[in-house]
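Trainee: Could we go through this model together, slowly, with the terms explained along the way?

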Amino acid sequence: MSTRASDAERDRCARALRDHAAAGRLEVGELEERLSLAYGARYRSELRLVLRDLPGDRAARFARAVDRIDRLLLKAHAAWFGVVNGSLVGLWAATGQGDFWPAWTLAPWSVVLAWHAGGSWSIRRLLRRPAPRRRLTA
């Protein structure tokens, strides 16, 4: 059973076709033919057929995968930070509250978590930046 295509998916397909035409992979007549097929497509499989012989956008897929993995890791690190350090503070509070010894783990872990968050932000910003255009030299 095929999945129906949405208007947004048809628009993305049409945008990809126009990009391929701008790169010289499609002639004007073929572009018009494929655009009519894309806008008339009911199913995702029909959209895939329109793009089947054209190279895919691997860089965008890679950027999305890196972003998704990085967000999951950051959430996991923040959760463990809360669990471990919350437990240590609770243990400190339950045992008489002398010197605040959980600071020995709380401070360095806070620095590492902030470093991870900043690095994640920087990586996502770099991955979203459009690739520089190369100049053709004769």
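**Salt bridges, core and surface**

Mentor: The side chains of Glu9 and Arg44 meet in a salt bridge, at 2.8 Å from N to O. The pair joins distant parts of the chain, with Glu9 in helix α1 and Arg44 in helix α3, 35 residues apart. A salt bridge here is a side-chain nitrogen of Lys or Arg within 4 Å of a carboxyl oxygen of Asp or Glu, and helices (H or I, at least four residues) are DSSP runs numbered from the N terminus. This is a predicted model, in which local features need pLDDT of at least 70 and side-chain atom pairs count only at pLDDT 80 or more, while totals for chains, interfaces and linings use all residues. Residues are numbered from 1 along each chain as its sequence is written, and side-chain values use heavy atoms, with hydrogens and water left out.

Trainee: Is Glu9 buried or exposed?

Mentor: The word depends on relative accessible area, where buried means under 20%, exposed over 50%, and partly exposed in between, with a 1.4 Å probe and protein chains only. Glu9 has a relative accessible area of 16%, so Glu9 is buried.

Trainee: How does Arg44 count, at 37% relative accessibility?

Mentor: A residue that is neither under 20% nor over 50% falls in between. Since Arg44 has 37% relative accessibility, Arg44 counts as partly exposed.

Trainee: Asp7 forms a salt bridge too, so with which residue, and how far apart are the closest N and O atoms?

Mentor: Both partners lie in helix α1, three residues apart, which is about one turn of the helix. Asp7 counts as exposed because its relative accessibility is 54%, whereas the other residue of the pair, at 14%, counts as buried. That partner is Arg10, and the closest N and O atoms are 2.7 Å apart.

Trainee: Which residues are linked with Arg34 in a network of salt bridges?

Mentor: Arg34 forms a salt bridge with Glu30, the closest N and O atoms being 2.8 Å apart, and both lie in helix α2, four residues apart. Arg34 is buried, with a relative accessible area of 9%, while Glu30 counts as partly exposed at 30%. The residues linked with Arg34 in the network are Glu30 and Asp53.

Trainee: How many residues has the largest nonpolar core?

Mentor: A nonpolar core is a set of buried Ala, Val, Leu, Ile, Met, Phe, Trp, Tyr and Cys residues joined through side-chain atoms within 4.5 Å. In this model the largest one includes Cys13, Leu17, Val50 and Leu54. Helices α1 (7-22), α2 (28-40) and α3 (44-51) each supply at least two residues of this core. The number of residues in the core is 12.

Trainee: Leu54 and His20 are 34 residues apart in sequence, so how far apart are they in space?

Mentor: Leu54 is placed in the loop between α3 and α4, and at 13% relative accessibility Leu54 counts as buried. Leaving aside neighbours within four places in sequence, Leu54 is in contact (heavy atoms within 4.5 Å) with Leu17, His20, Arg25, Leu26 and Arg34. From C-alpha to C-alpha, the distance between Leu54 and His20 is 7.7 Å.

Trainee: Where is Phe62 placed?

Mentor: Phe62 is exposed, with a relative accessible area of 54%. The place of Phe62 is in residues 58-94, which form helix α4.
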